[in-house]
Amino acid sequence: MIDLYYWPTPNGHKITIFLEETAMPYTIIPVDIGKGEQFQPNFLAISPNNRMPAIVDHAPMERGEPISVFESGAILLYLAEKSEKFLPLDLRGRTEVLEWLFWQMGGLGPMLGQNHHFSRYAPERIPYAIDRYVRETKRLYGVLNTRLAEREFLAGAYSIADMAAYPWVVPHEAQGQNLADFPHVRRWFEAIKSRPATIRAYERGAAVSDPAQAGTMTEEARKILFGQSAQTAQPGGKA
Ligand SMILES: N[C@@H](CCC(=O)N[C@@H](CS)C(=O)NCC(=O)O)C(=O)O
């Protein structure tokens with residue numbers, strides 16, 4: 001019913017976690033971003049920002065033509081509304097989940113992404129950039145820790161906000177973070193990690209690409225991922 005355009009990165013894992021939790025039937029369509037498959041015209045037609053994840057729902061609630069969705073936050077929201085799961089229906093509960101969902105989309109994800117870039121992938125070591133993003137990561141982990149000090153999950157019951165944030169905390173060591181400094185994050189992290197759906201989601205990812213390769217990058221992948229320009233997202237365009 002759902003085609004998931006996917007590669008096992010933090011943003012990809014968010015969606016398999018949701019789909020495994022809800023047991024919605026889905027088919028993974030691998031998009032090997034290190035090989036440039038995100039520039040294929042059929043993918044750009046549904047994801048014009050040349051980023052995965054994206055989905056196509058072949059059985060939308062209103063019936064009719066399939067609906068495609070790009071951006072992991074929009075996908076989680078779409079799937080939560082469709083399944084009526086992991087997003088409260090009441091105004092206050094829903095608003096809280098959306099706050100933390102958007103906090104992840106605008107803060108935790110992009111900042112930790114820059115941390116990964118400068119700590120792991122940049123061809124030269126730039127201490128200022130590493131320090132800036134490791135510090136910002138620490139600040140965001142602090143926000144998460146304070147939020148989780150008095151509640152089990154980010155907003156009410158386990159929700160799409162937690163599913164969005166969790167995969168970004170998985171590589172905490174590579175981000176220069178020690179969970180011993182953030183005990184409430186650690187408790188939350190271990191609880192989500194041990195959920196059967198999370199385990200299945202990461203197994204699905206491992207079947208698509210060997211997790212031992214995560215964090216390594218070929219020269220070809222480096223050029224494709226870090227050499228993009230205004231022309232890159234044109235159909236047929238490449239870095
Ligand atoms: N804001 C987007 C970010 C998605 C994103 O950055 N995806 C990366 C992998 S984690 C990607 O597809 N990169 C391909 C590229 O850079 O060309 C979301 O939340 O879906």
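Me: Hello! Which residues are linked with E20 in a network of salt bridges?
Reply: Welcome! Please keep in mind that this is a predicted model. In it, salt bridges join E20 into a network with two arginines. The partners of E20 are R200 and R204.

Me: Is E20 buried or exposed?
Reply: E20 sits in helix α1, which covers residues 10–22. Among the residues of α1 listed as covered are I17, F18, L19 and E20. The state of E20 is therefore under 20% relative accessible area, in a word: buried.

Me: How many of the 13 residues of α1 are buried?
Reply: Helix α1 is mostly covered. P10, G12 and H13 are among its buried residues, and T22 is another one of them. The count for the helix is eleven.

Me: How far does α1 reach from its first C-alpha to its last?
Reply: With 13 residues, at 1.5 Å a residue, α1 is expected to span 18 Å. Its reach in the model is close to that, at 19 Å.

Me: Which residue just after α1 takes a positive phi?
Reply: Helix α1 runs over residues 10–22. Just after the helix comes a residue with a phi of about 55 degrees. That residue is A23.

Me: How many salt bridges does the structure hold?
Reply: One of them pairs E81 with R94, and another brings R147 and E96 together. The total for the structure is ten.

Me: How many residues apart in sequence are the parts that E81 and R94 tie together?
Reply: The closest N and O atoms of E81 and R94 are 3.1 Å apart, and the two form a salt bridge. E81 lies in helix α3 (residues 72–83) and R94 in helix α4 (residues 91–121), so the bridge connects two helices. The separation in sequence is 13 residues.

Me: Which helices do R147 and E96 tie together?
Reply: These side chains meet in a salt bridge of 2.8 Å, N to O. R147 counts as buried at 15% relative accessibility, while E96 is partly exposed at 31%. R147 belongs to residues 127–148 and its partner is 51 residues apart in sequence, so the pair ties together α5 and α4.

Me: By about how many helical turns are E136 and R139 separated?
Reply: E136 and R139 form a salt bridge, with their closest N and O atoms 2.9 Å apart. E136 counts as buried at 17% relative accessibility, whereas R139 is partly exposed at 47%. Both lie in helix α5, three residues apart, so the separation is about one helical turn.

Technical notes:
Residues are numbered from 1 along each chain as its sequence is written. This is a predicted model: local features need pLDDT of at least 70, side-chain atom pairs count only at pLDDT 80 or more; totals for chains, interfaces and linings use all residues. Side-chain values use heavy atoms; hydrogens and water are left out. Helices (H or I, at least four residues) and strands (E, at least two) are DSSP runs, numbered from the N terminus. The expected span of a helix is 1.5 Å times one less than its number of residues. Buried means under 20% relative accessible area, exposed over 50%, partly exposed in between (1.4 Å probe, protein chains only). A salt bridge is a side-chain nitrogen of Lys or Arg within 4 Å of a carboxyl oxygen of Asp or Glu.
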